[in-house]
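Visitor: I am new here and would like a short tour. Please show me the sequence and the model.

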Amino acid sequence: MAKISTYTIDSTIEGNDKLLGTDSASTSALATRNYTIDSLKAYIQTGSPANITDTIPLGFALTVNREGTAYERALVRTLAGSTLTNVVLKSATVNTGSDIYLNTLGSGQVFLIIRDYNNGQFAVDYDLADFAANSATFTGVISGVTHSGTVTTFNAPDFSNASPAANDTQYVGSGSTKYTDWAFNITLDAGQTYTGGQVAFTEFTFLTGATQIETQAIGTLKVTRNIEVPDGDVTIGTSSPTTDPRSLTVYGDVKLPTSESRIKFGGDTNNVLMSTDGSDLTISATGTGSNLVTNDTRFTQDIVKDTNATSTDGRTIMGQNTFTAINTDGTRGVLSNQGVELQNSSGVALSEQQVSGNAPQGSLTNQGYLSSIKVDNNWFQLPALSSGVAEALPGLSETLAGPPTAITTGRLFYGIQNAAGALFQAATSPTSLTTPESIAQDVTSFTVDTGNQTDFAAIFAAVPTGQNLYFVDSTYTTAFPSAGGQILDASVNIYLVVAYDTGTYIVTFGRQGYGTLNVSTSTFNIDSETIKLNSIPQAAKSNYLYYDTATKAISHNALSVLGSANGATYDFGGNTDVPVVSIDFDNFIISAPANGIVTLKQGHTFGGTLTADTVATNYNHYILSNITADKTLTLPAGTVDNSIKLTNMSSLDASGAYVQPSYTWSIATNGSDKIMRANSLTLDASTESFELLYTDAANGWVIN
């Protein structure tokens with residue numbers, strides 16, 4: 001019997017050629033059968049477990065690895081994607097790597113040719129046969145004439161033929177000229193003809209039928225050499241990772257060789273980018289979010305923030321035990337477990353230390369007040385405070401004021417504190433408490449009842465930024481003003497909530513406009529242009545020490561005090577017309593050039609409430625009232641250091657409620673002077689108060 005190894009080798013493989021094998025379905029274990037090449041091919045294409053495609057796109061290589069009884073380790077196939085519309089392959093401004101031609105050979109048949117300069121890449125991106133199967137439609141412009149039509153046939157390539165027909169798909173590779181012509185038979189739309197030979201479109205679009213394809217790997221695809229993706233993106237998983245999560249596992253380095261190599265977290269418009277220039281790692285972002293680290297993080301090296309690449313141009317360094325801020329001149333401030341220390345550019349501690357050392361004695365109370373502070377190795381004890389008004393100056397304390405009679409709480413509101421009371425903020429006002437709280441006369445705290453504790457905690461926690469929580473007593477039922485309206489503490493008892501302790505449920509509050517600020521110090525110096533004494537006793541006082549700066553004599557006589565709205569007149573010894581040089585309010589020493597009447601004024605004489613056109617007087621204080629027509633206040637001729645104060649109340653009615661003004665006040669110069677180098681000033685902010693100070697002829701009056 002002849003051996004198979006002695007048979008002649010058939011070098012021409014045909015579909016009808018037969019192979020020798022064993023039939024596993026036969027009743028005999030040794031049943032031998034013949035199989036044709038075509039029958040084996042058909043089984044592989046349509047049978048289980050594989051569907052190996054008959055056609056592999058140009059430039060794509062596939063190796064199937066068979067091991068043991070497994071038919072294959074990985075199956076790679078091309079899948080038809082969605083049919084795209086309006087696919088622009090070439091336009092006047094965008095070059096996609098393809099030129100599009102119409103061609104005719106004189107036989108009347110018109111051909112569409114896609115000249116692909118990407119070495120066959122177009123055939124990998126699109127299912128060429130489906131252009132004809134989908135009857136793809138197109139439109140394009142050649143020499144200003146629009147041509148449109150439908151693809152009827154795809155002319156498959158024959159790359160073994162060195163001289164294909166002019167209307168066949170062919171690959172051209174001659175020297176540096178390399179491209180592939182993909183050819184299609186087409187019919188032009190009714191009424192159109194083309195006889196111009198092969199001419200390129202200036203713009204071209206597939207309207208329908210452009211089917212984009214993708215390659216899919218099923219099972220485990222092992223690549224033992226490099227994977228290079230010169231174009232396009234690599235996507236792991238699907239666009240819905242929450243329903244179909246996938247991971248990328250890498251054993252080895254993820255290399256980012258240049259600054260163009262980046263890792264992008266997020267989308268194209270809102271993302272965080274990580275990149276490198278080979279030396280530094282750069283983290284940047286196009287979104288509005290922050291880089292969050294939610295777990296414990298340890299740095300074994302210093303963290304340095306530079307404004308630029310020059311180290312002496314200022315930097316911040318976080319070390320293992322220190323935080324160092326370096327100034328542009330090299331000096332630095334170091335925060336460590338030893339405290340805060342100032343250093344020169346060499347890191348040597350400066351003699352003018354501001355704060356150093358921790359605080360082993362004293363502590364922060366549970367209200368958050370500092371009880372002691374160390375400055376230049378000296379400890380200073382701070383006073384116990386009942387509120388947050390005076391928190392830092394030794395000898396300064398505050399006493400809150402309670403209600404003048406026993407009350408029960410009424411309505412609550414949020415407001416913006418000011419000197420006259422508070423600006424009501426209706427848009428965010430809370431609801432009243434379910435059960436009113438009882439408050440005794442003159443007390444400044446109360447414990448919230450059990451039934452109100454949850455509601456009050458929520459109301460206090462919701463105080464808007466820049467505002468305060470207030471309440472009125474239950475007898476005040478007048479409607480609150482509109483949002484932004486003024487509540488005057490001189491006419492309404494409003495109570496400011498200073499603090500609320502969620503552990504003890506104690507509310508600390510004070511009556512707005514009352515209370516006492518105490519100064520405990522050996523010397524109290526006043527260095528101010530304006531001193532306002534709102535409440536001056538009217539009585540005869542004796543035994544005040546007086547120093548005469550002219551005679552250098554010291555004496556003491558009775559001092560008569562006459563109270564007035566904006567100041568006081570002091571009658572010393574019956575003498576008159578003596579200006580005050582200085583007043584020490586601690587020992588009440590009054591000094592003047594000679595004996596006489598000492599007059600204290602606020603600094604500006606009250607010029608009245610204006611409702612008509614007025615010429616201002618130097619060092620007067622005017623109130624601009626609500627008006628029924630546009631009015632003008634004319635400034636006097638300016639002299640350096642002249643001053644005029646203005647309080648604009650043109651948007652407040654007689655009861656203090658806010659009204660939208662219909663008319664405006666204007667400030668005019670006397671002709672030669674200027675206001676901030678302008679001829680006039682129109683007050684469009686209707687509740688602003690300010691001072692006009694005359695500086696010089698060049699700048700005139702300026703707003704102070």
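Visitor: In which loop is the place of Tyr505?
Guide: This is a predicted model, with residues numbered from 1 along each chain as its sequence is written, and its local features need pLDDT of at least 70, side-chain atom pairs pLDDT 80 or more, while totals for chains, interfaces and linings use all residues. Side-chain values use heavy atoms, leaving out hydrogens and water. Helices (H or I, at least four residues) and strands (E, at least two) are DSSP runs, numbered from the N terminus. Tyr505 sits in the loop between β31 (494-501) and β32 (506-511).

Visitor: What is phi of Tyr505 near, and is the residue buried or partly exposed?
Guide: Phi is positive here, near 65 degrees, in a residue other than glycine. Buried means under 20% relative accessible area, exposed over 50%, and partly exposed in between, with a 1.4 Å probe and protein chains only. Because its relative accessibility is 30%, Tyr505 counts as partly exposed.

Visitor: Where does Ser135 lie, and what is its phi near?
Guide: Ser135 is in the loop between α3 (128-133) and β7 (137-142). At 37% relative accessibility, Ser135 is partly exposed. Ser135 is not glycine, yet its phi is positive, near 50 degrees.

Visitor: How far apart in space are Val340 and Thr324?
Guide: Val340 belongs to strand β21 (residues 339-343). Its relative accessible area is 35%, so Val340 is partly exposed. Val340 and Thr324 are 16 residues apart in sequence, and from C-alpha to C-alpha the distance is 9.8 Å.

Visitor: Which strands are at the edges of the sheet β14-β15-β16?
Guide: Two strands pair if DSSP finds at least two bridges between them. This open sheet has three strands with antiparallel pairing. Each edge strand pairs on one side only, and the two are β14 (262-266) and β16 (281-285).

Visitor: Which residue of β16 stands opposite Leu273?
Guide: Strand β15 (residues 271-276) runs antiparallel to β16, with five bridges between them. Opposite Leu273 in β16 stands Ser284.

Visitor: In what order do the strands of the five-strand open sheet come?
Guide: The pairing in this sheet is mixed. Its edge strands, β40 (605-610) and β48 (700-703), each pair on one side only. Neighbouring strands are turned by 25 degrees against each other on average, direction ignored, with axes fitted to C-alpha atoms, for helices over the stretch in contact, and angles from 0 to 180 degrees between N-to-C directions. The order is β40-β42-β44-β47-β48.

Visitor: Why is strand β44 largely enclosed by the rest of the structure?
Guide: Strand β44 covers residues 643-648. It is largely enclosed because its buried residues number five of the six.

Visitor: Which residue of β47 stands opposite Leu646?
Guide: β44 pairs in the parallel sense with strand β42 (residues 620-624) over four bridges, and there Leu624 stands opposite Asn648. With strand β47 (residues 689-696), β44 runs antiparallel over five bridges. Thr647 has Ser689 as its bridge partner in β47. Leu646 faces Phe690.

Visitor: Which element gives the largest share of the largest nonpolar core?
Guide: A nonpolar core is a set of buried Ala, Val, Leu, Ile, Met, Phe, Trp, Tyr and Cys residues joined through side-chain atoms within 4.5 Å. The largest one has 24 residues, and those with the most contacts inside it are Leu112, Phe131, Phe184, Ile186 and Phe206. Elements giving two or more residues include β6 (110-116), α3 and β12 (203-206). The largest share, four residues, comes from β10.

Visitor: How many residues does the second, separate core have?
Guide: Trp665, Leu681, Leu692 and Trp701 are among its members. The number of residues in this second core is 18.

Visitor: What is the volume of the second largest cavity?
Guide: A cavity is a set of points, on a 1 Å grid over the protein atoms alone, where a 1.4 Å probe fits but cannot get out; lining residues have an atom within 4 Å of a point. Grid points are joined across faces, edges and corners, and a volume is the space filled by probe spheres set on the points. The structure holds two cavities of 30 Å³ or more. The second largest has a volume of about 30 Å³.

Visitor: Which residues line the second largest cavity?
Guide: By class, five lining residues are nonpolar, one is polar and none is charged. Ala, Val, Leu, Ile, Met, Phe, Trp, Tyr, Cys and Pro count as nonpolar, Asp, Glu, Lys and Arg as charged, and the others, Gly among them, as polar. The lining is made of Thr409, Leu412, Leu433, Phe446, Phe456 and Phe471.

Key: On a 1 Å grid over the protein atoms alone, a cavity is a set of points where a 1.4 Å probe fits but cannot get out, and a pocket is an open set with protein on both sides within 12 Å along at least five of seven lines; lining residues have an atom within 4 Å of a point.
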